[in-house]
Amino acid sequence: MTAVEAAAPPPARSVPRSGWLVVAAKEFADHVLSVRFFVLLIVLGLAAGIPLFLATERIHELASQVSGAQAVFLALFIIGPQDVSIFGLDVSVQGFIGLAAPLLGIAFAFDAVNGERAQGTLPRLVAQPIHRDDVINGKFVASLVAITLVLLSVVLLISGFGLLRLGIVPAWSEVLRLIVWFVMTIAYVGVWLAFGLLLSVVVHRAATAALIGFGVWMAVAMFGRFLLNLILGAIAPVSDSTAIDRALGLYQLHAFVLRLLPTTLYSEASSVLLNPSLTGTNTPATLGQLSQAQQQIPTLLSLDQSLLLVWPHVVALVALTVICFAIGYIQFMRQEVRA
Amino acid sequence: MTEIGEPPIVAAGLTKRYGELVAVDSLDLELRRGEIFGLLGQNGAGKTTTILMLLGLTEPTAGTARVMGLDPARDALRVKRQVGYLPDSVGFYGDLTGRQNLRYTARLNGLRGEEAEGRIDEALGQVGLSHRGDGRADTYSRGMLQRLGIADALIKDPDILILDEPTAAIDPIGVVEILQLLRDLVRERGVTVLLSSHLLTQVQSVCDRVGIFAAGRLIGLGTVSELATRFGNDTGQVEVTFDGEQATEAAERIGPFLAGIPQVEHVEPASAPGAPWRLQVRPASAGRLVREAVLAGAARDGLGLTAIRSSEPSLDDIYRAALLEAGLHRDAVESAGPVGAVA
Ligand SMILES: Nc1ncnc2c1ncn2[C@@H]1O[C@H](COP(=O)(O)OP(=O)(O)OP(=O)(O)O)[C@@H](O)[C@H]1O
Ligand SMILES: [Mg+2]
């Protein structure tokens with residue numbers, strides 16, 4: 001056994017300190033080289049560009065009306081083409097990204113774990129010296145970065161369009177608002193990404209996971225408001241005869257319930273961030289507030305005032321992400337490695 | 001360096017239940033450093049489950065596993081850094097090349113750059129895939145994937161190799177090469193190997209010790225010859241071959257002569273001229289006596305003896321005997337029992 005003696009020094013072996021980074025690097029490379037990435041990039045670019053193109057007229061109008069006023073640049077993102085509306089949905093850039101972000105999140109995550117299972121690579125992967133959550137964390141980060149790239153190119157495309165074709169030069173405060181809005185949008189994507197990951201852990205077939213994800217997106221993003229209103233209307237109806245104080249209370253309740261939807265959270269926060277003249281997201285709760293709101297002089301909020309308004313929204317979005325993530329994580333830890 | 005430190009793998013009372021089903025039933029096992037250990041067992045016997053528990057990939061219902069003296073559940077990273085694992089149905093990322101797949105594994109093990117590339121080249125060479133390393137993994141044949149899986153387990157330069165059916169889907173010459181590779185790894189680097197297999201001749205040819213599994217229980221453990229004594233009813237086999245032409249005329253003399261040797265219990269005549277006669281010998285240790293008696297007799301009677309040898313008891317027979325003894329042979333449990341149902 002002399003050979004054994006020679007070849008057995010106490011092993012001083014490197015264990016990678018951040019396995020999630022290795023996973024993320026590999027997944028990211030996979031994403032940006034994938035067909036899925038390019039298709040989404042092109043489709044989103046077109047889908048965001050065309051309505052914007054159609055809205056050129058209105059933005060021109062606005063620009064000449066309020067020339068010298070603030071936030072014309074941001075109008076690029078919040079003004080949709082007149083008379084162009086699909087199912088009554090918001091087709092401004094902002095509204096469009098609010099619709100597309102969930103899809104992106106799901107598209108980049110629905111096959112994350114079940115795909116590894118199907119390929120038979122999962123046992124090999126978890127037998128490497130990384131923590132099991134590194135797998136999920138790495139995939140989450142890689143997808144988030146890839147989506148950030150997609151959305152960033154869309155936003156830059158639009159900004160470039162505004163700069164070059166419309167000749168609108170953004171003020172610094174607008175750029176700042178845009179950046180904050182973008183970060184908030186990424187947080188919103190995070191919610192759906194975490195949800196997609198959860199699906200990929202729980203649902204063993206990628207195709208099924210994609211369908212469920214798509215279905216939930218449809219339900220929440222397109223019909224969520226409608227469905228909730230319907231339910232609320234049945235449970236706590238507001239009619240003409242309702243005392244006005246009570247009615248206001250009910251409206252308050254409705255607003256709260258609607259805010260359970262990430263879509264509502266996002267669209268409210270997004271509007272406030274992109275539109276400095278919006279001074280609140282709340283429906284007035286008391287008569288006093290109502291009259292106050294009516295008497296209000298139109299003002300423009302500074303960025304930190306807007307931030308203060310949307311802070312709870314951002315916290316709620318992050319909390320939703322964490323919840324989805326935690327459930328997916330726990331499930332993944334409990335699952336058998338074998339399918 | 002004899003038995004310094006802990007044995008590489010120890011299982012004590014290791015148990016895994018899936019609901020009602022007991023997949024592994026209080027397994028006690030201890031592997032020695034630098035040995036090749038074979039796990040045998042029918043489909044569903046619990047081999048893969050045992051392996052997963054040793055790797056910390058499945059939590060035992062009861063009992064403990066220790067790998068290199070470490071708890072695979074609590075010290076998962078250190079255990080996994082030292083253990084190379086080939087899963088039973090290994091898969092790779094189809095859109096990456098074989099080499100890229102291995103590179104990912106190397107990175108996950110903290111290997112980078114030159115060091116990683118060196119190990120990848122070496123591992124690809126060891127499994128005979130050097131020429132296809134840059135092809136996409138989804139263009140590989142089943143056996144090539146299996147070879148890549150073995151290369152993948154070797155990347156981290158493991159102290160312990162755990163291979164779940166390593167030779168599945170590999171061609172016969174490839175099998176010989178792989179088994180030789182395992183022997184070399186043991187000899188040169190002192191690697192300890194735990195492998196599971198259905199192919200008994202392979203296990204017999206490469207394993208120092210074997211464990212026979214049935215319905216989650218270890219029903220036999222030891223070297224092949226130890227198991228032969230334990231399950232072989234203490235019989236051995238001697239094969240005698242006579243010159244083809246002479247054998248025909250002397251056939252009537254050969255039979256009684258062989259049967260007349262005291263320790264020979266049963267004589268199976270040659271199936272054709274020039275084929276071996278098979279003698280069953282009791283006790284098993286009497287093989288040498290019988291051989292000498294045959295030699296002497298053949299010289300005396302002028303029988304044209306061309307070959308004589310004691311044949312090893314085949315693991316096949318031992319395995320069947322062990323399963324029969326445990327009442328778990330498929331014939332015995334066809335109608336009832338979990339093993340029959342799974343198979
Ligand atoms: N996730 C699971 N849930 C329930 N039962 C399981 C699960 N995984 C394995 N089993 C059962 O545990 C038993 C042992 O399975 P195991 O895979 O360890 O067998 P094996 O010896 O590796 O078989 P094979 O030779 O077919 O690979 C089988 O009866 C199997 O059905
Ligand atoms: Mg198995």
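The questions and replies below go through the ligand site, buried helices, a surface patch and salt bridges of this predicted model.

Me: What makes the site of ligand 1 one that is shared between chains?
Reply: Residues from chains A and B surround ligand 1, so the site counts as shared. The shell has 16 residues, and those that come nearest are R338(A), G44(B), K47(B), T48(B) and T49(B).

Me: Which elements of chain B supply at least two residues each to the shell around ligand 1?
Reply: They are β2 (21–31) and α1 (47–54). Helix α1(B) gives the most, with three residues.

Me: How many residues of each class does the shell around ligand 1 have?
Reply: Five are nonpolar, seven polar and four charged.

Me: How do you know that K47(B) makes a polar contact with ligand 1?
Reply: The cut-off is 3.5 Å between N or O atoms. An oxygen atom of ligand 1 is 2.7 Å from an N or O atom in the side chain of K47(B). That pair is within the cut-off, so it is a polar contact.

Me: What puts H198(B) and A45(B) under the heading of polar contacts with ligand 1?
Reply: The limit is again 3.5 Å. For H198(B), an N or O atom of the side chain is 3.1 Å from an oxygen atom of ligand 1. For A45(B), a polar backbone atom is 3.2 Å from an oxygen atom of the ligand. Both pairs are within the limit, so both qualify. As for cover, the protein takes up 72% of the 640 Å² of accessible area that ligand 1 has on its own.

Me: Why is helix α1(B) called largely enclosed?
Reply: Eight of its eight residues are buried, so the rest of the structure largely encloses α1(B). The buried residues are K47(B), T48(B), T49(B), T50(B), I51(B), L52(B), M53(B) and L54(B). After the helix comes G56(B), with a positive phi near 75°.

Me: What makes helix α6 of chain A largely enclosed?
Reply: Six of the eight residues of α6(A) (residues 112–119) are buried, so the rest of the structure largely encloses this helix. The buried residues are A112(A), V113(A), N114(A), G115(A), E116(A) and R117(A). G120(A) follows α6(A), and its phi is positive, near 75°.

Me: Why does F226(A) count as exposed?
Reply: Exposed means over 50% relative accessible area. F226(A) has 52% relative accessibility, so it counts as exposed. F226(A) lies in helix α11 (residues 224–235) of chain A.

Me: Which residues make the nonpolar surface patch of about 620 Å²?
Reply: F223(A), F226(A), L227(A), L230(A), I231(A) and I235(A) make the patch.

Me: Why is the pairing of R209(B) and E35(B) called a salt bridge?
Reply: The limit is 4 Å between the side-chain nitrogen and the carboxyl oxygen. The closest N and O atoms of R209(B) and E35(B) are 2.9 Å apart. That is within the limit, so the pair is a salt bridge. The pair links distant parts of the chain: R209(B) is in strand β8 (residues 209–214) of chain B, E35(B) is in the loop between β2 and β3 (36–41), and they are 174 residues apart. The structure holds 23 salt bridges over all chains.

Me: How do you know whether R209(B) and E35(B) are buried or exposed?
Reply: Buried means under 20% relative accessible area. R209(B) has 8%, so R209(B) is buried. E35(B) has 4%, so E35(B) is buried.

Me: What makes D171(B) and R147(B) a salt bridge?
Reply: Their N to O distance is 3.3 Å. That is within 4 Å, so the pair qualifies. The two residues are 24 apart, with D171(B) in the loop between β6 (160–164) and α6 (172–189) of chain B and R147(B) in helix α5 (residues 142–154) of chain B.

Me: Why do D171(B) and R147(B) fall into the burial classes they do?
Reply: The cut-offs are under 20% for buried and over 50% for exposed, with partly exposed in between. D171(B) has 39%, so D171(B) is partly exposed. R147(B) has 11%, so R147(B) counts as buried.

Conventions:
Residues numbered from 1 in each chain as written. Chains lettered and ligands numbered in written order. Predicted model: local features only at pLDDT ≥ 70, side-chain atom pairs only at ≥ 80, totals over all residues. Heavy atoms only, no water. Near = heavy atom within 4 Å. Polar contact = N/O pair within 3.5 Å; in protein donor to acceptor, adjacent residues only side chain to side chain. Areas by Shrake-Rupley, 256 points an atom, 1.4 Å probe, with all protein chains shown as cover. Helix = DSSP H or I, 4+ residues; strand = E, 2+ residues; numbered from the N terminus. Nonpolar A, V, L, I, M, F, W, Y, C, P; charged D, E, K, R; others polar. Patch = residues over 30% accessible without salt bridge, like charges linked within 9 Å, V, L, I, M, F, W, Y side chains within 5 Å. Buried < 20%, exposed > 50% of the residue type's maximum accessible area, 1.4 Å probe, protein only.
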